[in-house]
Every structure is written in structure tokens, then in C-alpha cells.
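This report introduces a structure to a reader who has not met it before. Selected regions are described in turn under short headings.

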Protein chains: 2
Amino acid sequence: MDNNDRSNLNQRISVDCVIFGFDFEKLNVLLIKRKSPENGRLNQFSLPGDLIFETENLEQAAIRVLHDLTGLKDIFLEQLGAFSVDRHSNEEDRIWLRAVREQPEAHVITVAYYALVNLTSFELKPAYFASSASWQPIDEINSLAFGHMNILNNAHKQLRTKLKIQPIGFNLLPEKFTLSQLHKLYEVIVGKALDKRNFRRKLIKLQIVKKLDEKQVDVPHKPSNFYAFNTENYRKLVEDGFDNFGF
Amino acid sequence: MDNNDRSNLNQRISVDCVIFGFDFEKLNVLLIKRKSPENGRLNQFSLPGDLIFETENLEQAAIRVLHDLTGLKDIFLEQLGAFSVDRHSNEEDRIWLRAVREQPEAHVITVAYYALVNLTSFELKPAYFASSASWQPIDEINSLAFGHMNILNNAHKQLRTKLKIQPIGFNLLPEKFTLSQLHKLYEVIVGKALDKRNFRRKLIKLQIVKKLDEKQVDVPHKPSNFYAFNTENYRKLVEDGFDNFGF
DNA sequence: AATATTAAATGTCAATATGACACTAAGATA
DNA sequence: TATCTTAGTGTCATATTGACATTTAATATT
């Protein structure tokens, strides 16, 4: 910090959330659409986010946005970083900002978070956001408002990188899952085929999952056993200096 | 971003830089001290930083702070993330802020960056900062102003993590270095002894350094060969999907 | 000139981890 | 009872890791 204060600066801080959800087939992101202030039509998709309140810190703001949208608390949430919002890039964004903000020319930075949820385990909250919120397959998202595409790409990369080092993928699954579901999750996020037997071998060696006494029912094939993440063993691994999942 | 604008919000954005320097023995951080507005004495150390200008984005601000302090450009710089600054934590911080800021109660977030430099390759710039800037061994830093200790700890952790995955350590050395220097650097940052022969074996296998036709002179022992980072080979490795240094 | 001192440079072997590969098992359905 | 579908399992060859001690090349000392 510098000695010169510049009180005429006009700055705003927002948070935006990249909410990942896995439906056992593909990776999805929760996006919202807003009505255009000009013609009332829904315009481009964007990431859910909000300006931060005077009374909250960054993480609290992210948790609030997340909770308002999903009704969920205590979900995996991690900061991606701060992004300068280019106010002059996109005509449509400028129109929207002029209509909606009292100070459309304020210098905005946004702090992005990414969250991991199991999208089959809850309904989107029927709140103010809901009518315009929907899960979109990440592979089909080509453009977003407000430079959010850049944030999304960063989040996707971070998810891939982090998944290879820490077992955060479990946050995208329900408490009970099959090894096939976990295997599929890794293939989808890492982006390449992983040998089934080698994948299971590694999980067993690390003792990072525990086998439950419960199987799939009503499936027209051999039922899969359910497993749960072994929090306790993972904690021990980390204590012993384990720091690389290695997929 | 939300539809409700809150123009009475009073927000400031600053950048703070954790500048790491390696002196071939230990890891150091460039810190500054300011004069207390109350008694004119130098007070606690803090990270170099500044409020961001209206005309620059976050990274430009970090580059500016870095350049003002070191005179260096084109150095390794990466964002750590955004931190909420707790305005009410520390009595000394509050006194300083009240004296120096026109709006001492503004809600401040700071975006932290970390930079890697070879501290033997330049002199601190004799600019406005200089008289109060100095390198401090990271192991001897116990407290900093403005919650900067939290940022420093984050930066240290990130450096350790990243070093194990990407060869960023070369940024802490001069262009020509010996393998012993590199070895020492890894030991200091990773925080444990690494077998010399195994360390060299890995470097040779990856072909990530190239042997130069030049040796140490005037050393009272067998002179060490100089090496340089092999940018080209590293680029190829990354293209082929290499993503883990594995130390 | 001979010797001491210091850090540099180098190879092997056993243990572990990885990658590639194909068949049998268990349930539902026709 | 046959068929369909996905679950579940083992081996072997190769690559990687971790542990370990001696020789070399320069300066400094006597």
C-alpha cells in the first residue's frame, strides 16, 4: 500500500462462481441468464455472481451466492483468483451495465471461486435466480458475458490440475458411489481414457475408499458395489507427506 | 454480478507482492518498512504493495510495484489470489491507516502476487522505497503488518507446491548456474534433503538443463560446471503432456 | 614439491510403480 | 435357458525410485 490515497477512485468488487456438477456422464457448469434491460429478452449466459456487501468478506460473498442459488451449504469452494473486468470489450455487456449500474464506468475486479457439487443430489432453489439458472455441459459452452469465458477456462484447467494432485473429485459424487462412477469422473475431467484395472489398483493401494456393504439394485447387469471416500485414511496419507494423486 | 447497485460502497483494491530471492544459501523475501505517522519511527515490516491506479489492471499494478522497487522487468510473476483485509484487527495498522488514508474505513481487498528473482543479480533501486527495503530470510519472518503474514505463508506454500510440478526454480538463479546451486535451491524450498545423484539423474533424464562449456574459477576445490535451463526441451516436454516435476 | 582440504562428479542394485492386456461373474431381460 | 450388460479381477515386462561410497580437480598449507 502506498502513502497516496486516491479517493476519487471508483472501484467495485464482485465475486463470480464456477459451480461444477457431475451427472455421472459429463461435467456441467451452473449458468444463469438475465433479461436484457433493452428488450426484455434473455441474453447471454453468465456465471452466477454478485457485488460484495459492505459487511462480508470475499469468501462469505461466494458462499452467499452459492447458497442463494442452490440452497446448499458446506460445499467444496476454493478461490481461483482475481480478474480485471474489461469494461470496454463487449457492446452487449456495456448496454447491460449502463442500464443496471448507477456507476457503469466503475473499475471492477471480480474474484472467482469454483465449487464442486453432485448435481443429482438437489434441485435448484426456486429463488430469484432459479428461472434463469441451468446446468450446461462444459463442452458446449462457447461464450459467456462479461469475460466469464476466461474465468471458466481457468476454472476448468484448475480442476484438472488439482484433481491429479488431491482427491477433490469425491465432492462431485454422492456419499455412496461406485468405482465405475469414480472412474468415469476421472476420465471425463482428466480428458483421457484410464485403464480400469490400474485405476482400481491405485485406489486400493492408497486405501482412499472404503467398500460398503451395499450394492446397486435393479440394474440389468452385475450390480456394482458402493464405496465411500475414506476421510480418515486420506488425512493420514497427507500427514505422511503424500501430495500427489498421480492420475 | 447482481442487479442491485450499491454506490455507497466504499471499496479499495490494492496489490501486494511477495518477492522471493535466493542467495545460494537460503530463501529470502523483499520487505519494506515505513515511518510511523505518529512518532516517525520505522514500524513493522510489510510486503511492498500499492493501491491500483484507475488506468491499470491488476497485473500491471503488480508489475509497476515490482519495477519501482527493483528496477527489473520481465520477471516471473504469478497471482496468488485475493485476500480480504481485516480493517479492525491490529491497533498499529489502524493508526497508520487513519493517518495516511482519506478513507481509512474503506473496505479493502488486496490481490497478492509472488515473484521470483535472483537477488544477487541486481541492486535495490535507489527510489522512494529503497531506504526501507531489505531482504529478509523467510525463516526469520515472524510477523508483518496488515495481515501480510497470512499472504506470505500462502505464497511460501504455493512456491513449494509449484516447484514440485513445474521448473519455476530456475527463475531464482542466474542464467548460468551449477547443479549444486540448483540442488541446494530445491532442498531449501522443498524443505528436505534430496539425494545428489538421484537429483542429477532426474535432470539428465528430462534433459531440462544443458551443460555449458564453462566452469567455476578460483574455487578451492574441484570446479563445478555451469549449466543453463533448456527452454526448448522444456517446451517440448510440456507439449508431450509432461506435468509433474516430481521432486 | 608434497600434502591437506574442499566440494564435484559419477554407477549399481534392490524395491516399487506403472502400463498394457482379456476373461469370468452377477444380475436383469427376452 | 439363453442373452445382454456392466462389474470385477491378475500377470508380466518395463520404468522409476531410493539408498549408498569412491574418485577427481582445483586451491591452500607446510
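## A residue of chain A

In this predicted model, the side chain of A:Gln136 forms a polar contact with the side chain of A:Ser134, at 2.9 Å. A:Gln136 belongs to strand β7 of chain A, which covers residues 133-137.

Leaving aside residues up to four places away in sequence, A:Gln136 touches A:Leu27, A:Asn28, A:Val29, A:Leu31, A:Phe45 and A:Ile141.

## Helices α3 and α4 in chain A

Helix α3 of chain A spans residues 148-163, and helix α4 of chain A spans residues 179-190. The axes of these two helices come within 9 Å and cross at roughly 130 degrees. An angle of that size makes α3(A) oblique to α4(A). The crossing of α3(A) and α4(A) is left-handed.

On the side of α3(A), the contact is made by A:Leu159, A:Arg160 and A:Leu163. On the side of α4(A), the contact is made by A:Leu185, A:Tyr186, A:Ile189 and A:Val190. By class, the residues of the contact of α3(A) with α4(A) comprise six nonpolar, no polar and one charged.

## Helices α3 and α4 in chain B

In chain B, helix α3 consists of residues 148-163 and helix α4 of residues 179-190. Their axes come within 9 Å, with a crossing angle of roughly 130 degrees. The helices α3(B) and α4(B) are therefore oblique to each other. The crossing in which α3(B) passes α4(B) is left-handed.

From α3(B), the residues B:Leu159, B:Arg160 and B:Leu163 meet B:Leu185, B:Tyr186, B:Ile189 and B:Val190 of α4(B). The contact of α3(B) with α4(B) contains six nonpolar residues, no polar residues and one charged residue.

## Helices α4 and α5 in chain B

The axes of α4(B) and α5(B) come within 11 Å and cross at roughly 105 degrees. This angle makes α4(B) roughly perpendicular to α5(B).

Helix α4(B) contributes B:Leu179, B:Ser180, B:Leu182, B:His183 and B:Tyr186 to the contact. Helix α5(B) contributes B:Lys196, B:Phe199, B:Arg200 and B:Leu203. The residues of the contact of α4(B) with α5(B) divide into five nonpolar, two polar and two charged.

## The surroundings of DNA strand C

There are 23 residues around DNA strand C, of which A:Arg201, A:Pro220, B:Ser180, B:Arg200 and B:His221 come nearest. Among the atoms of DNA strand C within 4 Å of the protein, sugar or phosphate accounts for 39% and bases make up the rest. The surface near DNA strand C has five nonpolar, six polar and twelve charged residues.

Several polar atoms of chain A lie beside base nitrogens of this strand. An N or O atom in the side chain of A:Asp195 is 3.4 Å from a base nitrogen of DNA strand C. For A:Asn198, a polar side-chain atom lies 3.2 Å from a base nitrogen of DNA strand C. In the case of A:Pro220, a backbone N or O atom is placed 2.8 Å from a base nitrogen of DNA strand C. The elements giving two or more residues to the surface near DNA strand C are α5 of chain A and α5 of chain B. Helix α5(A) gives the most, with five residues.

## The surroundings of DNA strand D

DNA strand D is surrounded by 22 residues, and the closest are A:Ser180, A:Arg200, A:His221, A:Asn225 and B:Arg201. Of the atoms of DNA strand D that come within 4 Å of the protein, 41% belong to sugar and phosphate. The surface near DNA strand D includes residues of each class: five nonpolar, six polar and eleven charged.

Two of the closest residues, A:Ser180 and A:Arg200, have polar side-chain atoms beside phosphate oxygens of the strand. The distance to a phosphate oxygen of DNA strand D is 2.7 Å for a polar side-chain atom of A:Ser180 and 2.5 Å for a polar side-chain atom of A:Arg200. From chain B, a polar backbone atom of B:Val219 is 3.5 Å from a sugar or linking oxygen of DNA strand D. Helix α5 of chain A (196-206) and helix α5 of chain B (196-206) each supply at least two residues of the surface near DNA strand D.

Definitions and conventions: Residues numbered from 1 in each chain as written. Chains lettered and ligands numbered in written order. Predicted model: local features only at pLDDT ≥ 70, side-chain atom pairs only at ≥ 80, totals over all residues. Heavy atoms only, no water. Axes fitted to C-alpha atoms, helices over the stretch in contact; angles between N-to-C directions. Helix = DSSP H or I, 4+ residues; strand = E, 2+ residues; numbered from the N terminus. Parallel < 35°, antiparallel > 145°, perpendicular 65-115°, else oblique. Left-handed = near helix turned anticlockwise from the far one by under 90°. Contact = heavy atoms within 4.5 Å. Nonpolar A, V, L, I, M, F, W, Y, C, P; charged D, E, K, R; others polar. Near = heavy atom within 4 Å. Polar contact = N/O pair within 3.5 Å; in protein donor to acceptor, adjacent residues only side chain to side chain.
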